[in-house]
Amino acid sequence: MIKIMIAVDGSEAALEGVRHGIGLMQQGLDAHFVIAHVQKEASLLELATTDSDLIANASIEAGMDLIAPAQELLKAAGAPYEVEISLGEPGNTLIDIAESTECDQIIIGATGQGALGSILIGSVSREVARHSRLPVTIVKLPEVMDAADTAEDES
């Protein structure tokens, strides 16, 4: 059985990554998924003015809300999964989660922003792909791919 970490941040691109993982399983891949989410740590000002445990708990709860749609997709597909939510810098922390949970591969959605969004991938996706020792699959939204194909067809 292959263990695949899917990075989930609440975006549609992340859900497309979950759909991609489910599609692999439906094609016969014997897979177990690790749904990983990273919340940025509190700033020094927040820590100085608020109870750090309250901030950490609120961050974990927010993470659970953001991964709920991914969990629903996996449950509906009958896919085995576990959840990992951490605090830290997203790129490095996602890589750490993949390694600590002994994953074989990473799936992450591309969330390029701005006018060049159809060409670029998000900074976290890029960082994970660049620094991970594991294979990384970057999944684009279908409409992003369609826009890139249309631009190629017009040239």
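I'll start at the surface. Ile60, Met64 and Leu87 make a nonpolar surface patch of about 210 Å². Before going on, note that this is a predicted model.

Take Leu87 from that patch. Leucine 87 sits in strand S3, which covers residues 81-87. Its relative accessibility is 31%, so leucine 87 counts as partly exposed.

Leu87 also leads to the next residue, because Leu87 is among the residues that glutamine 39 touches. Glutamine 39 belongs to strand S2, residues 31-39. Is glutamine 39 buried or exposed? With a relative accessibility of 16%, and the cut-off for buried being under 20%, glutamine 39 counts as buried. Setting aside residues up to four places away in sequence, glutamine 39 touches Ser59, Ala62, Gly63 and Leu66, and also Ser86, Leu87 and Gly88. The side chain of glutamine 39 further has a polar contact of 2.7 Å with the side chain of histidine 37.

Now the overall layout. The protein has 6 helices and 5 strands. Read from the N terminus, the order of elements is β-α-β-α-α-β-α-β-α-β-α. There are 155 residues in the protein, and 39% of them count as buried. Among contacts with a separation of 6 or more, 78% are between residues 24 or more positions apart. The accessible surface of the protein is about 8600 Å², with 51% of that belonging to carbon and sulfur atoms.

On to the interior. The largest nonpolar core has 18 residues. Which residues have the most contacts inside it? They are Ile4, Ile6, Val8, Val18, Phe33, Ile35 and Leu74. Two or more residues of this core come from each of strand S1 (2-7), helix H1 (12-26), S2 and helix H3 (52-77). H1 gives the largest share, 5 residues.

Valine 18 can serve as an example from this core. Without its neighbours within four places in sequence, valine 18 is in contact with Ile6, Val8, Ala70, Leu73 and Leu74. There is also a second, separate core of 14 residues, and it includes Ile97, Ala98, Ile106 and Ile108.

Ile97 and Ala98 bring us to helix H4, residues 90-100, where both are buried. The other buried residues of H4 are Pro90, Gly91, Thr93, Leu94 and Ile95. What do the buried residues of H4 pack against? They pack against S1, S2 and S3, together with strand S4 (105-109) and helix H5 (123-131). An α-helix has 3.6 residues a turn, so residues three or four places apart point the same way. On the buried list for H4 you can find such spacings, including Leu94 and Ala98.

The two ends of H4 deserve a remark each. At its start, a side-chain oxygen of glutamate 89 comes to within 3.1 Å of the backbone nitrogen of glycine 91. After H4 comes glutamate 102, which has a positive phi, near 60°.

Last, a residue back in helix H3, proline 69. Proline 69 counts as partly exposed, because its relative accessibility is 35%. How far apart are the C-alpha atoms of proline 69 and serine 11? The separation is 9.8 Å, while along the chain the two residues are 58 residues apart.

That is what I have on this one.

Methods: Residues are numbered from 1 along each chain as its sequence is written. This is a predicted model: local features need pLDDT of at least 70, side-chain atom pairs count only at pLDDT 80 or more; totals for chains, interfaces and linings use all residues. Side-chain values use heavy atoms; hydrogens and water are left out. Helices (H or I, at least four residues) and strands (E, at least two) are DSSP runs, numbered from the N terminus. Buried means under 20% relative accessible area, exposed over 50%, partly exposed in between (1.4 Å probe, protein chains only). A polar contact is a pair of N or O atoms within 3.5 Å; within protein, one must be able to donate a hydrogen and the other to accept it, and residues adjacent in sequence count only if both atoms are side-chain atoms. Contact means heavy atoms within 4.5 Å. Patches are made of residues with over 30% relative accessible area and no salt bridge: like charges are joined within 9 Å, nonpolar side chains (Val, Leu, Ile, Met, Phe, Trp, Tyr) within 5 Å. Accessible areas come from the Shrake-Rupley method with a 1.4 Å probe; for residues, only the protein chains shown count as cover. A salt bridge is a side-chain nitrogen of Lys or Arg within 4 Å of a carboxyl oxygen of Asp or Glu. A nonpolar core is a set of buried Ala, Val, Leu, Ile, Met, Phe, Trp, Tyr and Cys residues joined through side-chain atoms within 4.5 Å.
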